[in-house]
Amino acid sequence: MRARRLLFVAPRRVELAPVELPDVASGRLLVRTRYSGISTGTELLGYRGLLDPDLPVDERIGALGGTFRYPFPYGYSCVGEVERSAGSVPAGTQVFAFHPHQDRFVVGDDEVVTLPAGTDPRVATLFPYVETGLQLSLDAGHVARETVVVLGLGVVGTITALLLQRAGATVIAAEPAAERRALAAGLGIPAVAPEDLPSRLPPDGVPLLLELSGSPAVLGAALDLLAHEGTALVGSWYGTQPVALPLGGAFHRRRLTIRSSQVSTVPAGISARWDVGRRRQVAVGLLGELPLAELATTEFAFDEAPAAYAALDAQEPGVVHAALRYQ
């Protein structure tokens, strides 16, 4: 069997190419893709050529082997239907899979997440963002009745802000794009321009901020927003871009902490209660609880993939999350 997949062939250049599919052996599934979501984090960095070419793509997920050396397949948000099953998931079941952009693919039945009946497949492409936002909210710790700053209102920032509000935090977000501030406000998230943020915060600063803008210039300036012994939780991945941080006297004297968050693993501190399986099941439930349709703004046909990446790269107005649509 043959399928078509998307390849990153050079900075800011993607192409569709044929690929041979393996047999559907015992315990495996043939999935026909309906939608695949495009990440504005790691994936856009790869598109722009801002990742170490020798960096492994993801050792934990079998479908994401190799490195970021061109040409390479990538993507990790496919939603489709099981077309043929030699495993425990029946044919016709709608599933999510961490798999590169491809119109059909073969995976193990333990490599898919079964979606509840009636789940909107376009909305389900946001599943990785929901899982990431959930992990960020877990890494944030106890936030009830605290003022928390979220920097950046892309998909991850918006979802994380919603989850922090559900945990009892008073969230104030900063975002330079007026249309994204308006979208967040419509979802109940107070949002201001970055230059207006300091005047909206307590005079002694906040105990926690989450840097989710993806911009290397944001974190350094944001440290002044923290209270004594405050924490900056960094969910942005900057790739090979340098990040300048003011780690002089104020940083030390105020005992500030800069901590990373990443969805690849579950932190040891919560591993007695949480594992990847539980986190994913909770994220599946959140697909039906969060206002995700508001974020699923844009679709492109699979054949129009180059235009999709160009739109995201140019930050075209109105494009928050883009997905590829398969016939």
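Where is the place of W274? In this predicted model, look in the loop between β14 and α8, a helix that covers residues 276-287. Is W274 buried or exposed? With a relative accessible area of 12%, W274 is buried, because anything under 20% counts that way. Set aside the neighbours within four places in sequence, and W274 is in contact with L134, L138, V266, R279 and V282. Take L138 from that list: along the chain L138 and W274 are 136 residues apart, yet their C-alpha atoms are 9.6 Å apart in space.

Let's follow that lead to helix α3. It's made of residues 127-140, and it packs with helix α4, residues 155-166. Two packed helices are described by the angle between their axes and the distance between the axes. For α3 and α4, the angle is about 50 degrees and the axes are 8 Å apart. That makes the two helices oblique to each other, and their crossing is right-handed. Which residues of α3 and α4 meet? From α3 come Y129, V130, T132, G133, L134, L136, S137 and A140, while α4 brings V155, V156, I159, T160, L163 and L164. Sort the residues of this contact by character and you get 10 nonpolar, 4 polar and no charged. L134 turns up twice on our tour: it's one of the α3 residues that meet α4, and it's also in contact with W274.

Stay with α4 for a moment and pick out T158, which sits in this helix. T158 counts as buried, at 2% relative accessibility. Leaving out its neighbours within four places in sequence, T158 is in contact with L153, L187, I189 and L295. For a sense of distance, try P194: P194 and T158 are 36 residues apart in sequence, and 15 Å separates them in space, C-alpha to C-alpha.

Now for the sheet that these helices lie on. Strands of a sheet pair through backbone hydrogen bonds, either parallel or antiparallel. Here there's an open sheet of 6 strands with parallel pairing, and reading across it gives the order β11-β10-β9-β12-β13-β14. Which strands stand at the edges? They are β11 (191-192) and β14 (257-260); each has a single partner strand, so one side of each is left without a neighbour in the sheet. Further in, β9 (residues 147-151) and β12 (residues 206-211) pair in the parallel sense over 4 bridges. If you'd like a spot to look at, find V148, which stands opposite L208 in β12. As for the helices, α4 packs on the sheet by touching β9, β10 (170-174) and β12, and its direction makes about 170 degrees with that of β9. Meanwhile α3 lies across β12, β13 (226-234) and β14, running at about 155 degrees to β13.

Next, head over to strand β3, residues 28-37. How many of the residues of β3 are buried? The count is 7 of its 10, so this strand is mostly covered, with buried meaning under 20% relative accessible area. β3 has several partners. With β7 (residues 104-108) it pairs in the antiparallel sense over 5 bridges, and L29 stands opposite V107 there. With β5 (residues 78-85), β3 again runs antiparallel, joined by 7 bridges; S36 has C78 as its bridge partner in β5. Then there's β16 (residues 322-325), which is joined to β3 by 3 bridges and runs antiparallel to it. Along that pairing, Y35 stands opposite R325, and G37 has A323 as its bridge partner.

β16 also leads us onward. It pairs with β15 in the parallel sense over 4 bridges, where T298 has A322 as its bridge partner in β16.

Both of those strands come up again with our last stop, helix α9, residues 305-313. Which residues of α9 are buried? They're A305, A308, Y309, A311, L312 and D313. These buried residues pack against β1 (2-10), β2 (13-20), α1 (42-48), β15 (298-301) and β16. Finally, just after α9, Q315 takes a positive phi of about 50 degrees.

Notes: Residues are numbered from 1 along each chain as its sequence is written. This is a predicted model: local features need pLDDT of at least 70, side-chain atom pairs count only at pLDDT 80 or more; totals for chains, interfaces and linings use all residues. Side-chain values use heavy atoms; hydrogens and water are left out. Axes are lines fitted to C-alpha atoms, for helices over the stretch in contact, and angles run from 0 to 180 degrees between N-to-C directions. Angles under 35 degrees count as roughly parallel, over 145 as roughly antiparallel, 65 to 115 as roughly perpendicular and the rest as oblique. A crossing is left-handed if the near helix is turned anticlockwise from the far one by less than a right angle, and right-handed if clockwise. Contact means heavy atoms within 4.5 Å. Ala, Val, Leu, Ile, Met, Phe, Trp, Tyr, Cys and Pro count as nonpolar, Asp, Glu, Lys and Arg as charged, and the others, Gly among them, as polar. Two strands pair if DSSP finds at least two bridges between them. Buried means under 20% relative accessible area, exposed over 50%, partly exposed in between (1.4 Å probe, protein chains only).
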